[in-house]
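Work through the exercises below with the structure open. Try each task before reading its solution.

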Amino acid sequence: MSVHFHATASPEACPALVLNADFRPLSYYPLSLWSWQDAIKAVFLDRVNIVSSYDKAVRSPSFEMQLPSVVSLKTYIKPSRHPAFTRFNVFLRDRFSCQYCGSRQDLTFDHVIPRSKGGLTTWENVVAACSPCNLRKSDRLPNEAHMWPAHRPYQPTVNDLHQNGRLFPPNYLHESWMDYLYWDSELEP
């Protein structure tokens, strides 16, 4: 089947926010989004409910459909309690800032206890650090370098990362998504 998009907007400008069956986003950072093609495929496979739609439509010779802007899964997916130990998640836990000076530029990661001194590459020993601080600390213990992380490194929960992810919204947020992203924001009278 060939699907044509109305010429008033690019289909790429119409991603769908994906909610779990409890109407919470699957993830906040990166925000759980599907392309318009994936959202329509999921609708046809009866895996999602359409919660909200764009004013734009796609059509083929036999049907026309508004593009979904928010979809919810029909089956609840239990979120993992502990996120993967990745560089990105370390940065997200540490709010994309160097734990030694607060810079947000040129981030890398640092072993608080250097590996050469028995430090492990774990949540509890790795922090986000800018390159200048990482070079300055070098292969020394915090008390030797007189450099201590602003926050003690820890293994975050998925909820911790979601809370931090809300601080860094993506560049584009469709108005139909707002009711599902910021449940803890102050309501207007």
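**Exercise 1. Strand pairing.** In which sense do S2 and S5 pair, and over how many bridges? Do the same for S4 and S5.

*Solution.* The model is predicted.
- Start with S2 and S5. They run parallel and share three bridges. One partnership to find is leucine 17 with valine 70 in S5.
- Move to S4 and S5. This pairing is antiparallel, over eight bridges. Serine 53, for example, faces proline 68 in S5.
- Look at the connection. S4 leads into S5 through a hairpin of four residues.
- Check burial. Of the 10 residues of S5, eight are buried, so the rest of the structure largely encloses this strand.

**Exercise 2. The largest nonpolar core.** Which residues touch the most other members of the largest nonpolar core? Which elements give two or more residues to this core?

*Solution.*
- Recall the background. Nonpolar side chains tend to be buried together in soluble globular proteins.
- Find the best-connected members. The core has 15 residues, and Leu17, Ile40, Val58, Leu67, Val70 and Trp177 touch the most other members.
- Assign the elements. Two or more residues come from each of S2 (16–19), H1 (36–44), S4 (48–59), S5 (64–73) and H6 (178–181). S5 contributes the most, with three.
- Zoom in on leucine 17. Beyond its neighbours within four places in sequence, its contacts include Leu31, Leu33, Val70, Val71, Trp177, Tyr180 and Leu181. Ser32 and Ser69 are also in contact with leucine 17.
- Look for another core. A second, separate one has nine residues, among them Cys98, Val112, Val127 and Met147.

**Exercise 3. The two faces of H1.** Which residues of H1 are buried? Against which strands do they pack?

*Solution.*
- List the buried residues: Trp36, Ala39, Ile40 and Ala42.
- Place them around the axis. Their arc is only 160°, so they sit on the same side of H1.
- Turn the helix over. The face away from the buried side carries the exposed residues Lys41 and Phe44.
- Identify the packing partners. The buried residues of H1 pack against S2, S3 (33–34), S4 and S5.
- Step past the helix. Just after H1, aspartate 46 has a positive phi of about 60°.

**Exercise 4. Salt bridges.** How many salt bridges does a search of the whole structure find? Then examine three of the pairs.

*Solution.*
- Recall the principle. Side chains of opposite charge can pair when their charged atoms come close.
- Take the count. The whole-structure search gives four.
- Examine lysine 74 and aspartate 46. Their closest N and O atoms are 2.4 Å apart. Lysine 74 is in the loop between S5 and H2 (87–93), and aspartate 46 is in the loop between H1 and S4, so the bridge ties together parts 28 residues apart in sequence. Lysine 74 is partly exposed, at 38% relative accessibility.
- Examine arginine 93 and aspartate 94. The closest N and O atoms lie 2.8 Å apart. Arginine 93 and aspartate 94 are both buried.
- Examine lysine 137 and aspartate 110. Here the closest N–O distance is 3.3 Å. Lysine 137 belongs to H3 and aspartate 110 to S6 (107–111), so the pair links parts 27 residues apart in sequence. Both residues are buried.

**Exercise 5. Positive phi.** Where do serine 138 and histidine 146 lie? Is each exposed or partly exposed?

*Solution.*
- Start from the rule. Most residues other than glycine have a negative phi.
- Take serine 138. Its phi is near 55°. Serine 138 lies in the loop between H3 (131–137) and H4 (142–145). It counts as partly exposed because its relative accessibility is 45%.
- Take histidine 146. Its phi is also positive, about 55°. Histidine 146 lies in the loop between H4 and H5 (158–165). It is exposed because its relative accessible area is 59%.

**Exercise 6. Cysteines.** How many disulfides does the structure hold? Why is cysteine 130 not bonded to cysteine 133?

*Solution.*
- Take the count: zero disulfides.
- Check the distance. The sulfur of cysteine 133 is the closest cysteine sulfur to that of cysteine 130, but the gap is 3.6 Å, so it is too far for a bond. The cut-off is 2.5 Å.
- Check burial. Cysteine 130 is buried, at 4% relative accessible area. Cysteine 14 is buried too, at 2%.

Definitions and conventions. Residues are numbered from 1 along each chain as its sequence is written. This is a predicted model: local features need pLDDT of at least 70, side-chain atom pairs count only at pLDDT 80 or more; totals for chains, interfaces and linings use all residues. Side-chain values use heavy atoms; hydrogens and water are left out. A nonpolar core is a set of buried Ala, Val, Leu, Ile, Met, Phe, Trp, Tyr and Cys residues joined through side-chain atoms within 4.5 Å. Buried means under 20% relative accessible area, exposed over 50%, partly exposed in between (1.4 Å probe, protein chains only). Contact means heavy atoms within 4.5 Å. A salt bridge is a side-chain nitrogen of Lys or Arg within 4 Å of a carboxyl oxygen of Asp or Glu. The arc is that of the directions from the helix axis to the C-beta atoms. Two strands pair if DSSP finds at least two bridges between them.
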